Amino acid sequence: MKTLTLILTLMGLALLTGIMAWLGIGHVFSAMQRIGIGGFLAIVGGQVLVDIGLGVSWFCACPKIGLFRAIASRAVRDAAGNCLPFSQLGGMVIGIRATCSIPTLTRKLGPLQWPAAVATNIVDITTEVLGQIVFVIVALACLFDHTGTNKFTWPVLGGMGLLAIGIAGFIWTQQRGGAAIHHAARFLGRHIAEGWRNSLIDNMDNFQAELDLLWARPGRIAAGALIHLACWIGGAGVTWLSLELLGAHIGFMGAIAIEGVVCGLMSASFLVPAALGVQEAAYVALGYFFGIEAEISLGLSLLRRGRDIAIGIPVMALWQISEMRRLRSSKQEAAAPSLDYSDASSRSEMS
């Protein structure tokens with residue numbers, strides 16, 4: 001997996017370098033300079049609102065996690081996937097760790113152990129994919145009016161059909177696939193350390209119980225998926241604002257079409273860290289059918305990366321500070337001297 005990720009990263013870098021060399025980096029930066037600092041801050045602010053909405057959708061589906069912890073853990077998970085040299089799978093692992101370690105703002109909700117943290121992350125990812133499927137279908141409907149877009153419409157539609165079948169199987173596995181989950185745990189256990197293997201196998205029943213509790217309330221799952229859909233549409237609004245600031249006026253429906261298809265293509269390339277190269281090529285190709293100049297399309301992609309970095313780096317820094325404080329406090333508790341009352345009572349009797 002590490003070798004494949006490295007190869008895909010190098011291929012993405014080569015593709016990105018080729019696109020920038022073909023367009024001319026000077027033209028791209030001149031297009032980006034049109035928005036100014038105020039425009040960039042507006043884009044970042046819009047994305048922050050979308051990110052808060054993603055945390056709210058997680059909380060609606062999994063209220064046990066707590067609203068603050070849902071927003072913060074979701075921000076860490078996205079920041080890790082966007083800013084660190086991992087694939088999206090690596091970001092999910094860090095998101096699970098953040099779900100376990102980030103505290104809540106109320107004493108009613110205690111810390112989450114890893115079975116509950118993994119279960120809530122899986123359910124959140126499931127609701128996000130359900131919302132994404134609907135969003136991409138709406139985006140494809142917006143593309144039918146543009147000639148030449150069949151090159152994207154039918155492949156992406158087919159990919160969404162396969163994704164729908166896959167997510168249906170994934171949901172079935174979460175609800176009724178206890179035996180399959182145990183087999184997967186045993187398979188993974190043969191490839192990890194012994195201590196982790198014992199913990200993984202011993203807690204599989206707790207993990208399945210957490211999943212059953214979450215899926216016992218389908219109304220909350222549906223609400224989470226609907227809010228995710230609203231967040232996808234909000235992301236298209238940020239894309240529309242970016243294009244307006246760059247000087248491309250295609251309307252909100254055009255922004256939905258571009259954002260939906262790009263997100264669909266990026267989901268298919270989830271092993272590529274931060275969809276390096278794939279995102280740029282998709283924006284440039286789709287922008288052509290909407291009459292957007294190639295340097296503006298590439299500028300839009302780079303603005304998106306700059307926006308993700310501007311949000312992700314502070315989020316990762318704050319989480320790292322929180323982790324260091326947590327480790328430091330745990331070491332201090334372990335090093336604190338304990339009072340042996342039995343020994344003290346024996347000495348008093350002797351005296």
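This predicted model holds 1 cavity of 30 Å³ or more. Start there.

**Stop 1: the cavity.** Select Ile43, Val238, Thr239, Ser242, Tyr283, Leu300, Leu303, Arg304 and Arg307. These residues line the largest cavity. Its volume is about 40 Å³. Now colour by helix. Both α11 and α14 supply at least two residues each to this lining. Which helix gives the most to it? The answer is α14, with 4 residues.

**Stop 2: the largest core.** Keep α11 (218-246) and α14 (294-335) on screen, and add α3 (36-61), α6 (114-143), α7 (150-176), α10, α12 (251-268) and α13 (278-289). Each of these elements gives two or more residues to the largest nonpolar core. That core has 56 residues. Pick out Val123, Leu243, Ile258 and Ile292, which have the most contacts inside it. Then highlight α6, the source of the largest share of this core, 13 residues.

**Stop 3: Val123.** Centre on Val123 and show its surroundings. Ignore neighbours within four places in sequence. What is left in contact with Val123? The set is Ala61, Cys62, Gln174, Leu211, Leu214, Trp215 and Ile221.

**Stop 4: helix α10.** Select residues 204-215. This is α10, a helix of 12 residues. From first C-alpha to last, α10 reaches 17 Å, close to the 16 Å expected at 1.5 Å a residue. Look down its axis. Which residues of α10 are buried? They are Met204, Phe207, Gln208, Glu210, Leu211, Leu214 and Trp215. Why do these buried residues sit on the same side of α10? Because they cover an arc of only 155° around the axis. Turn to the other side of α10: Asp205 and Leu213 are exposed there.

**Stop 5: a pocket beside α10.** Stay with this helix and select Ala61, Cys62, Pro63, Lys64, Glu210, Leu213, Leu214, Arg217 and Arg220. They line the second largest pocket. The pocket has a volume of about 150 Å³. The largest share of its lining, 3 residues, comes from α10. Several names return here. Ala61, Cys62 and Leu214 belong to this lining, and Val123 is in contact with Ala61, Cys62 and Leu214. The lining also includes Glu210, Leu213 and Leu214; Glu210 and Leu214 are buried, whereas Leu213 is exposed.

**Last stop: back to the cores.** Return to the core of 56 residues, with its 13 residues from α6. A second, separate core has 12 residues. Select Val76, Val315, Met316 and Trp319, which are among them.

Definitions and conventions. Residues numbered from 1 in each chain as written. Predicted model: local features only at pLDDT ≥ 70, side-chain atom pairs only at ≥ 80, totals over all residues. Heavy atoms only, no water. Expected span 1.5 Å × (residues − 1). Buried < 20%, exposed > 50% of the residue type's maximum accessible area, 1.4 Å probe, protein only. Arc of directions from axis to C-beta. Core = buried A, V, L, I, M, F, W, Y, C linked by side-chain atoms within 4.5 Å. Contact = heavy atoms within 4.5 Å. 1 Å grid on protein atoms, 1.4 Å probe; cavity = no way out; pocket = protein on both sides within 12 Å on 5 of 7 lines; lining within 4 Å. Points joined across faces, edges and corners; volume = space filled by probe spheres on them.
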